[in-house]
Amino acid sequence: MMARLMIACAWLFLTAAAAPPKTDDRAVVIASKAFTESVIVSELARLSLREAGQQVVHRQALGGTRIVFGALKRGEIDAYPDYTGTLRFEIYAAAKATDPAALERLLAQNGIAMTNPLGFNNSYGLAMQADVAKAKNITRISDLVGRMDLRFGLSNEFLDRGDGWPALKAAYGLAQKADGLQHDLSYRGLADGRLEVIDVYTTDAEIAFYDLKVLEDDRGFFPAYEAVFLYRADLAQSHPQAVEALQSLAGRILAQHMRQMNKRVKIDRQPETAVAADFLSKETGQTVVGEGNAGLLGRIWQRSVEHMRLVALSLTMALVLAVPLAIVAFRKPHLGGAILGFVGILQTVPALALFVFMIPLLGIGAAPTIAALFLYSLLPIVRNGHAGLAGIPADLQESAQALGLPPMARLWRIELPLALPTLLAGIKTAAVINVGAATLGALIGAGGYGQPILTGIRLDDMGLILEGAVPAALLALLVTGLFDLVERWLTPRGLRL
Amino acid sequence: MSATTHMPLLFSLHGVGQIYGAHRALGPLDLEIRAGEQLALIGPSGCGKSTLIRLLAGLVTPSEGTIRFHGKALSDLDMGPYRQNLGYVIQNGGLFPHLTAARNVTLMARQLGWSKARIQDRLVELARLVHLGEDRLAQYPADLSGGQRQRVSLMRALMLEPEVLLLDEPLGALDPMIRYQLQTDLRDIFQTLGLTVILVTHDLAEAAFLSKRIVLLREGQLVQDGGFKDLVDHPADPFVSAFVKAQRGVLAGGAL
């Protein structure tokens, strides 16, 4: 019976170890932040590098600025797109850098370089319906001065920010009154003619969709958020062609291109890869194929492999530690309280926080995810293992002792087999929790079923969300079923009901 | 008692007592047990008889006093070999539910590396001794009757041919018919093997039937130590008479 337990453990471990890690050491790793525009721009870069003959992978929607920039600083990724405004006001806010040269110096201190601006500027702007603007002969913000016939509808955030509407009014001498409203509603207000002027982000997909005119900021009021690629400075030595390919994008992605691509992805629901490939084909005059999506089954298979690897590795590691911990907690009651308390506290850390805590220690990707899942699996296994051992009737424990069995033999031949059903239930709980929690790994670049869920949330695409959620639910059921079988196989016949 | 006075001293207890917190469960008391004796520890619930047998089995360490086995203090002995030299049977058998009857019985022998043939021979021998059908040996404890479980438990206790057999209310949970049969079988086994037996029971008839020497305990103290007839004819104090009288109805047609 205990031999069977060993077989089951070995099998679990081999499954985990046999799943091949799929990162190629020589490949350039491009990442994107967790919003559509960033994913599209990185897809453009990936396809360009691929066309230049580089090995390249794209870690899509890795996270927010802090996570992705941190990953670049530590060398876990080689490049990602960001905005000069983000660098100035967010990443290096304390340094108060005003010109590109200053930014470049700051970046260089972190071993990072940046390309020339890609061409589009994603900042605040004012927009009107193109035909209305034309009819009223307005192309610049200065043209609005004195046009009291125009109704302004501005998002509440823009209306309230000190560097928003009040400052803009002062800078241009605008006297109009503005209504505050939800950003989504302002587009509709324009479309049905209840508003003439609204605030926008200059590359919003809706600008292309509603055919709006973004008014020229002729007094340079809005700070520039010019898109650039940030890349590891050492990439220039190790992969000069990759840097060249990134530079080749500079100056070619204009705001109208970006709006159009955002629209095709967000509103027409086309895959980022296909949209990026179309753009490059048009730009280069050569056919660029967006291979990317390997078909539904291929995608699900790849994510399944990633997901199961996360679960199997973390669970195996948890078993290796948690079972001995449970035994110590049982044999040494004065340590037991501390052990159970400690793993209990680990469980109270919110899953998302635990994942993020792991990043400074282990970077991004599978390693921090496995570590977080490992910590999460400890409690159910330790608690059930301890409960199973402590629940052995006193007369049986005494019988084992009275027979003169040495402590190890007592543990191996009597106590563990008797505690096994409870212990297995704990392992099953841990595995099912793990399958669910592993979807959060996508937030820090571990892939798995969380990837399409995150993308689906970003694009508001229910189909994509289901593409991750349904396999995750099925895997949880499969794990439950599998453990029921293992439980039947491992439970000694005398203990079966 | 006289038949064994020439035998060597097996257990000797001096000032042995057991205290749990503020509660004294046993002693301090002195007691000597000779090799080959069959002795019953008897008394009402809470008198300390189970505590005493657990002290002898080495499952608990006495709070005070010394227990000697073959003249050596228990505290100086290696508990592993010591316990292997004792057979211990408890009320519900204490069989491990995840092992078949045979594997329960042979657990220690396998641990000690006995050969398969030796284990098998001993198993068959014991099954015959305790009147257990050999087909029962492949069963799990849950599939055995209460009486069969106690027979298996007895086999397990006897497997390593111990010097001493400790029985803690071994028949306490059985119904009267099976109990009667097992009492008879136990007496035959004791006579066949001639080993030292220490039996805890609250049933005077059973004590009288299975052992020549009866040690009566009350509130942790030794009240009387002697043969059954001594208890009936020369009770040490009114409690002994009361204890005997309480069971007289049963005894009227039997040992009396």
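**Exercise 1. How much space lies in the second largest cavity, and which residues line it?**

Solution. The model is predicted.
- Step 1: take the volume. The second largest cavity holds about 50 Å³ of space.
- Step 2: list the lining. It consists of B:V89, B:Q150, B:L154, B:L167, B:P170, B:L171, B:L182 and B:L186.
- Step 3: assign elements. In chain B, α5 and α6 (176-193) each give two or more residues to this lining.
- Step 4: sort by class. Seven lining residues are nonpolar, one is polar and none is charged. Gln counts as polar, so B:Q150 is the polar one.

**Exercise 2. Describe the largest cavity: its volume, its lining and the elements around it.**

Solution.
- Step 1: count cavities. Four reach 30 Å³ or more.
- Step 2: take the volume. About 150 Å³ of space lies in the largest.
- Step 3: inspect the lining. It has 16 residues. Nearest the centre lie A:A402, A:L403, B:L86, B:R156 and B:A157.
- Step 4: assign elements. Chain A gives two or more residues through α19 (394-402). In chain B, α2 (79-84), β6 (86-89), α3 (101-111) and α5 (146-158) do so.
- Step 5: sort by class. Eleven lining residues are nonpolar, three are polar and two are charged.

**Exercise 3. Is helix α1 of chain B mostly covered or mostly uncovered, and what follows the helix?**

Solution.
- Step 1: apply the cut-off. Buried means under 20% relative accessible area.
- Step 2: count. Helix α1 (residues 49-56) of chain B has eight residues, and six are buried. The helix is mostly covered.
- Step 3: name them. They are B:K49, B:T51, B:L52, B:I53, B:L55 and B:L56.
- Step 4: look past the end. B:G58 follows α1(B), with a positive phi near 75°.

How values were computed
Residues are numbered from 1 along each chain as its sequence is written. Chains are lettered from A and ligands numbered from 1 in the order in which they are written. This is a predicted model: local features need pLDDT of at least 70, side-chain atom pairs count only at pLDDT 80 or more; totals for chains, interfaces and linings use all residues. Side-chain values use heavy atoms; hydrogens and water are left out. On a 1 Å grid over the protein atoms alone, a cavity is a set of points where a 1.4 Å probe fits but cannot get out, and a pocket is an open set with protein on both sides within 12 Å along at least five of seven lines; lining residues have an atom within 4 Å of a point. Grid points are joined across faces, edges and corners, and a volume is the space filled by probe spheres set on the points. Helices (H or I, at least four residues) and strands (E, at least two) are DSSP runs, numbered from the N terminus. Buried means under 20% relative accessible area, exposed over 50%, partly exposed in between (1.4 Å probe, protein chains only).
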